[in-house]
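Okay, everyone's here, so let's get going. I'll put the model up and walk you through the strands and then a couple of helices.

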Amino acid sequence: HGLPESRLRCRYDISGRLPGQLCHHELDCRHCDIHQVRKNESVALGDEDARTIDHLGFDIEPKMMYFRGPTWVRHHQDGSLTVGLTDFANRVLGLPDAVVLPDVGTRLKVGGEGFTVRKGTTDIRILSPVDGKVIKTGLPGKAYWLRVDPRTKHPNFEHLYTGNMAKLWTKQELGMVQDYLGVRGKSPLIAHGIERVQHLPAAYPQADWERLWSDLFLDI
């Protein structure tokens, strides 16, 4: 609630199939009638979009699912889910000063608070991409921040993005970052044409990072 319309673009607007459509379901496609009707339509990408990973400076893993937090979710064979920040989000955030994780046993809700990242005096709320109970938390350098029991054998992931849709969404987020930094026409995550920028705030120290992080992580 309270997000500006620019942050409430429907997935079908992002993909170009319903231009101008806004989300009215708190970014949870599972409860959307439009999604239930159109979810089996394929998302086509042109050659330019298909090279997103190569020329924009971030990774999108084909076996992961993505939430607009921006976080990723991996579904494991034992039924548990692991949650972490996307490669794109980590680059835009830079090194955190602290990460405050929920206690084991905490119940999570899609779009509710998952954990908090601290940058200086700024606390950034990371939204949970899944429903369930926290059964383990990660540590710096680990592959994830949260391990979650979804409390059901067949969790519904229709609100998460994969494949081409994940690429289109992340490219939209990159456009927002470019606008903040005033670098339209090039990816700020690429330096000298080939090198990936690992910590964007260090490269653009004059940017309004507190406002940018608030928009990117939907932390109003």
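So, strand β3, residues 81–85, and strand β9, residues 146–149, run antiparallel and are joined by three bridges. If you want to find that spot on screen, look for V83: the bridge partner of V83 in β9 is L146. Keep in mind as we go that this is a predicted model.

Now follow β9 over to β8. Those two pair in the antiparallel sense too, with four bridges, and there V134 stands opposite V148 in β9. From β8, which covers residues 132–137, two bridges take you on to β5, again antiparallel. The pair to look for there is L108, opposite G132 in β8.

Put that together and you get an open sheet of six strands, in the order β1-β2-β3-β9-β8-β5, with antiparallel pairing. Which strands stand at the edges? They're β1, residues 65–67, and β5, residues 107–108; each has a single partner strand, so one side of each is left without a neighbour in the sheet.

Let me stop at one residue in this sheet. T71 lies in strand β2, which is residues 71–75. Is T71 buried or exposed? It's buried, because its relative accessible area is 0%, and the cut-off for buried is under 20%. As for who is around it, leaving aside neighbours within four places in sequence, T71 is in contact with M65 and Y66, then with V83, G84, L85 and T86, and also with I126, L127 and P129.

Next, β6, residues 113–119. This strand is mostly covered, with five of its seven residues buried. On one hand β6 pairs with β4, residues 98–100, antiparallel and over three bridges; V100 has T116 in β6 as its bridge partner. On the other hand β6 pairs with β7, residues 122–127, also in the antiparallel sense, over six bridges. There, E113 stands opposite L127 in β7. β6 and β7 form a hairpin with two residues between them, and G120 in the turn has a positive phi of about 60°.

Okay, helices. I'll take α8 first, residues 209–216. Its buried residues are W209, L212, W213 and L216. Seen down the axis of α8, the buried residues fall within an arc of 95°, so they line one face of the helix. If that spacing looks familiar, here's the reason: an α-helix has 3.6 residues a turn, so residues three or four places apart point the same way. Turn to the face away from the buried side and you find the exposed residues E210 and R211.

What do the buried residues of α8 pack against? The list is α5, β6, β7, α6 and α7, so to speak the strands we just visited plus some helices. Just after α8 comes L218, which takes a positive phi of about 55°.

Last one: α6, which is on that packing list. It has 19 residues and reaches 27 Å from its first C-alpha to its last, close to the 27 Å expected at 1.5 Å a residue. α6 is mostly covered, with 14 of its 19 residues buried. It's followed by G182, whose phi is positive, near 70°.

That's the tour, so over to you.

Definitions and conventions
Residues numbered from 1 in each chain as written. Predicted model: local features only at pLDDT ≥ 70, side-chain atom pairs only at ≥ 80, totals over all residues. Heavy atoms only, no water. Buried < 20%, exposed > 50% of the residue type's maximum accessible area, 1.4 Å probe, protein only. Contact = heavy atoms within 4.5 Å. Pairing = 2+ DSSP bridges. Arc of directions from axis to C-beta. Expected span 1.5 Å × (residues − 1).
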